[in-house]
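Biologist: I am new to this structure and would like a close look at a single part of it. Could you take one residue as the starting point and then work outward to its surroundings?

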Amino acid sequence: MNRLHINTFTLIIVIVFSVLSVSFDNCTGREGKHWRNNKAAPASILVKKDGGYGGTHHQRHIVSKLAGSSTFNVLDYSAKGDGHADDTKAFEAAWAAACKVEASTIVVPSGSVFLVNPITFSGPNCAPNIVFQLDGKIIAPTSSASWGSGLLQWLDFSKLKGITIKGKGIIDGQGSVWWNDSPTNNPTHETRSSISQYSQVESNSGGLPSTKPTALRFYGSNGVTVTGITIQNSPNAHLKFDDCTNIQVFGITVSSPGDSPNTDGIHLQNSQDAVIYNSNLACGDDCVSIQTGCSNIYIHNINCGPGHGISIGGLGRDNTRACVSNVTVRDITLQNTMTGVRIKTWQGGSGFVQGIMFSNIQVSEVKIPIMIDQYYCDKSKCSNETSAVAVSGINYVNIKGTYTEKPVHFACSDNLPCSGVSLDTIQLHSIQESQQLNGPFCWEAYGELKTTTAPPIDCLKTGMPSNTRIQSNPDSC
């Protein structure tokens with residue numbers, strides 16, 4: 001009898017203990033901080049999907065809350081990601097949440113296509129060091145209703161401290177609907193067929209404005225990094241930095257057809273301390289364009305083509321003052337581009353370009369590999385002006401390859417000639433050796449041949465011009 005009581009008592013204890021264990025597990029599952037510290041996330045929540053851990057929107061939201069995460073997935077803010085629904089508000093909501101948290105991350109996940117209207121991700125009241133993790137695809141609208149009378153940019157990041165865009169995703173400006181109606185563009189089959197399945201095609205005759213937007217712009221920001229992503233088919237420039245400092249761009253791809261008008265790859269203006277490297281740039285205009293107000297720019301290990309090459313300018317348009325200094329461009333490959341390394345200024349401008357180094361440049365079937373043009377004009381006719389942007393201290397070292405039109409073109413101002421132009425180890429050969437192409441051209445260009453060149457560049461004048469007026473005060477711009 002006593003044994004029966006003991007067995008019964010033991011059974012009761014076991015049952016009570018089991019009930020208490022289940023209750024304890026349920027309690028700790030609700031208290032996120034204890035559950036997080038002592039329990040691994042259930043496999044039902046962390047579902048491996050598309051190379052990352054996904055699960056349903058609701059499950060990700062639970063994990064985020066339990067983990068106290070600073071990660072904000074646009075899908076958790078009602079983005080559809082189907083390439084048709086307007087996901088702009090979801091991106092705005094995710095940004096508003098991330099903006100409040102230092103070193104937060106906005107996630108644009110892979111496997112989805114997000115249609116986003118023109119949008120500004122703005123500070124200056126945002127916390128610093130926000131990361132925009134782009135692994136999916138963002139596409140621009142192609143209907144006139146989204147653009148109104150015309151906008152200068154599509155995706156705009158403004159007045160931020162420490163902003164990074166990274167990932168394996170794509171920004172697609174769907175620019176062919178803009179290019180096809182450009183009076184200077186004769187669309188090829190390639191540009192016509194580049195309209196994606198998500199486009200809502202509407203031509204300029206249906207109301208698209210004449211002002212074409214830049215795909216991705218950074219304005220008034222410090223500590224900007226762009227890496228890994230692809231930017232393609234922008235209506236205008238692909239990536240622009242305006243009034244920014246401490247810029248890093250590396251490992252990106254820019255892609256648009258060679259006949260797409262005004263589609264600069266990377267455009268810098270009024271920006272300082274920029275490094276651009278290890279990237280592939282193919283577009284219909286300058287692969288890199290450096291405009292007024294830029295200094296301390298370092299560009300290296302870039303593949304450029306098709307496009308118009310690496311350019312400083314045009315500077316001084318409409319009698320404006322422009323200054324660019326301390327630019328290094330090295331270890332560059334250019335193939336089938338209009339020019340190689342170029343400086344272009346308008347007549348009538350003022351200011352200076354100085355302290356420029358072009359080195360280790362490999363060109364292949366480039367029309368004009370080396371160019372300074374102080375008579376730049378992209379209109380049918382430009383008036384002659386006496387004032388000019390001063391060009392001095394321009395160094396060319398180890399530039400080799402083939403050209404299709406002319407090896408060197410130095411067209412400098414009558415009143416303010418180019419000075420301090422040095423040429424060292426220049427080996428340029430016609431792509432058609434059997435045909436006599438144009439030789440080097442120089443006008444009012446002064447400098448030094450440090451080695452013999454191929455072909456001989458005998459037109460460069462030695463010494464200094466008598467009427468050089470170099471203004472080197474950076475504050476004057």
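**A close look at Gln291**

Modeller: Leaving aside residues up to four places away in sequence, Gln291 touches His267, Leu268, Gln269, Gly313, Gly314, Leu315 and Val324. The model is a predicted one, and Gln291 is found there in the loop that lies between β21 (288-290) and β22 (294-304). With a relative accessibility of 13%, Gln291 falls under the 20% limit and therefore counts as buried. Its side chain also takes part in a polar contact, which joins Gln291 to the side chain of Ser289 over 2.7 Å.

Some of these neighbours lead on to another residue, since Phe241 touches His267, Leu268 and Gln269 as well, among a list that also includes Phe218, Val224, Val226, Ile247, Val249, Ile266 and Ser271, again not counting residues up to four places away in sequence. Phe241 belongs to the largest nonpolar core, which has 100 residues, and is one of those with the most contacts inside it, together with Phe218, Tyr396 and Phe410. A second core, separate from that one, has 5 residues, including Cys323, Phe352, Ala388 and Ala390.

The strand β21, at one end of the loop that holds Gln291, is also part of an open sheet of 11 strands, whose order is β7-β10-β13-β16-β19-β21-β23-β25-β27-β29-β31 and whose pairing is parallel. The edges of this sheet are β7 (119-122) and β31 (441-443), and because each has a single partner strand, one side of each is left without a neighbour in the sheet. From one strand to the next, the twist averages 15°. Within the sheet, β27 (residues 368-373) and β29 (residues 408-411) run parallel and are joined by 4 bridges, and Ile372 has Phe410 in β29 as its bridge partner; Phe410 was named above among the residues with the most contacts inside the largest nonpolar core. Towards the β7 edge, helix α4 (residues 88-98) lies across β7 and β10 (153-158), and the helix runs at about 5° to β7.

Parallel pairing is also found between other strands of the chain. Strand β24 (residues 321-335) pairs in the parallel sense with strand β26 (residues 350-366) over 13 bridges, where Leu334 has Val363 in β26 as its bridge partner. In turn, β26 pairs with strand β28 (residues 390-403), also in the parallel sense, over 11 bridges, and here Val366 stands opposite Tyr403 in β28.

For contrast with the buried Gln291, one may turn to Ser78, whose place is in the loop between β3 (71-73) and β4 (82-86). Ser78 has a relative accessible area of 58%, which is over the 50% limit, and so it is exposed. Not counting residues up to four places away in sequence, Ser78 touches Asp87 and Ala90, while its C-alpha atom is separated by 9.3 Å from that of Ala93, 15 residues apart from it along the chain.

To set these parts within the whole, the protein chain contains 6 helices and 33 strands, and 49% of its 477 residues count as buried. Among the contacts between residues at least 6 apart in sequence, 75% join residues that are at least 24 apart. The accessible surface of the chain comes to about 21700 Å², and 50% of that area belongs to carbon and sulfur atoms.

Notes. Residues are numbered from 1 along each chain as its sequence is written. This is a predicted model: local features need pLDDT of at least 70, side-chain atom pairs count only at pLDDT 80 or more; totals for chains, interfaces and linings use all residues. Side-chain values use heavy atoms; hydrogens and water are left out. Two strands pair if DSSP finds at least two bridges between them. Helices (H or I, at least four residues) and strands (E, at least two) are DSSP runs, numbered from the N terminus. Axes are lines fitted to C-alpha atoms, for helices over the stretch in contact, and angles run from 0 to 180 degrees between N-to-C directions. Contact means heavy atoms within 4.5 Å. Buried means under 20% relative accessible area, exposed over 50%, partly exposed in between (1.4 Å probe, protein chains only). Accessible areas come from the Shrake-Rupley method with a 1.4 Å probe; for residues, only the protein chains shown count as cover. A polar contact is a pair of N or O atoms within 3.5 Å; within protein, one must be able to donate a hydrogen and the other to accept it, and residues adjacent in sequence count only if both atoms are side-chain atoms. A nonpolar core is a set of buried Ala, Val, Leu, Ile, Met, Phe, Trp, Tyr and Cys residues joined through side-chain atoms within 4.5 Å.
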